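Visitor: I have a structure to look through today, and I would be glad of some company. Could you walk me through it, one question after another?

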Amino acid sequence: MARIGLRALVSGRVQGVYYRQSTALQAERLALVGWVRNLADGRVEAWVEGEEAAVRELTEWLWRGPEYARVEKVELEEVALQGFAAFRVRR
């Protein structure tokens, strides 16, 4: 299966609702690598790499997020693989 990289920008009520940690847990469950972080403008940014089907599954989850998140928009951009070893929450 093909490996792909994807950058996501998630807008809405996504900071302060356990969104980053939940994203990391989902990514680890799907054997994905990369990172997730809060942005100063209130969005969450994620960089995800892995098997295409798993990446697509995570992007569907990004639209839902954890229980208290209210996702309004998810912008996706395919990116070149960087070869991360794990998935991290960036501060």
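**A charged network and its surroundings**

Guide: Happy to! Let's start with a salt bridge between the side chains of Arg7 and Glu45, 2.7 Å from N to O. Arg7 belongs to strand 1 and Glu45 to strand 3, so this pair ties together parts that are 38 residues apart in sequence. Please keep in mind that this is a predicted model.

Visitor: Is Glu45 buried or exposed?

Guide: The cut-off for buried is under 20% relative accessible area. Glu45 has 4% relative accessibility, so Glu45 counts as buried.

Visitor: And Arg7, at 24% relative accessibility: which class does this residue fall in?

Guide: Buried would need a value under 20%, and exposed one over 50%. Arg7 has 24%, so this residue counts as partly exposed.

Visitor: Which residue of strand 4 does Arg7 tie to strand 1?

Guide: Arg7 also takes part in a salt bridge of 3.2 Å, N to O, with a glutamate side chain. The two residues are 70 apart in sequence, so the pair ties together distant parts of the chain, and the partner in strand 4 is Glu77.

Visitor: Which residues are linked in the network of salt bridges?

Guide: Glu45 has a salt bridge with Arg7, and Arg37 forms one with Glu45, where the closest N and O atoms are 2.6 Å apart. Arg7 meets Glu77 as well. The linked residues are therefore Arg7, Arg37, Glu45 and Glu77.

Visitor: What else is Glu45 in contact with, leaving aside its neighbours within four places in sequence?

Guide: Two of its contacts are the arginines just discussed, Arg7 and Arg37. Setting those beside the others, the list goes on with Ala8, Leu9, Trp35, Val36 and Leu39.

Visitor: Let's step back to the sheet. In what order do the strands stand?

Guide: Five strands form an open sheet with mixed pairing. Strand 4 (70-79) and strand 5 (87-89) each have a single partner strand, so one side of each lacks a neighbour in the sheet and they stand at the edges. The order is 4-1-3-2-5.

Visitor: Which residue stands opposite Val89 in strand 5?

Guide: Strand 5 runs parallel to strand 2 (residues 33-38), and three bridges join them. The residue opposite Val89 is Val36.

Visitor: What angle does helix 1 make with strand 5?

Guide: Helix 1 (residues 19-29) packs on the sheet and touches strand 1, strand 2, strand 3, strand 4 and strand 5. The direction of helix 1 makes an angle with that of strand 5 of about 170 degrees.

Visitor: Which residues of helix 1 are buried?

Guide: The buried residues of this helix pack against strand 1, strand 2, strand 3, helix 2, strand 4 and strand 5. They are Tyr19, Ser22, Thr23, Ala24, Gln26 and Ala27.

Visitor: Which element gives the largest share of the largest nonpolar core?

Guide: That core has 24 residues, and among those with the most contacts inside it are Val10, Val48 and Leu62. Strand 1, helix 1, strand 3, helix 2 (52-64) and strand 4 each supply at least two residues. The largest share, five residues, comes from helix 2.

Visitor: And which phenylalanine does Val48 touch?

Guide: Not counting residues up to four places away in sequence, Val48 touches residues including Ile4, Leu32, Val55 and Leu58. The phenylalanine on that list is Phe87.

Definitions and conventions: Residues are numbered from 1 along each chain as its sequence is written. This is a predicted model: local features need pLDDT of at least 70, side-chain atom pairs count only at pLDDT 80 or more; totals for chains, interfaces and linings use all residues. Side-chain values use heavy atoms; hydrogens and water are left out. Two strands pair if DSSP finds at least two bridges between them. Helices (H or I, at least four residues) and strands (E, at least two) are DSSP runs, numbered from the N terminus. Contact means heavy atoms within 4.5 Å. Axes are lines fitted to C-alpha atoms, for helices over the stretch in contact, and angles run from 0 to 180 degrees between N-to-C directions. A nonpolar core is a set of buried Ala, Val, Leu, Ile, Met, Phe, Trp, Tyr and Cys residues joined through side-chain atoms within 4.5 Å. Buried means under 20% relative accessible area, exposed over 50%, partly exposed in between (1.4 Å probe, protein chains only). A salt bridge is a side-chain nitrogen of Lys or Arg within 4 Å of a carboxyl oxygen of Asp or Glu.
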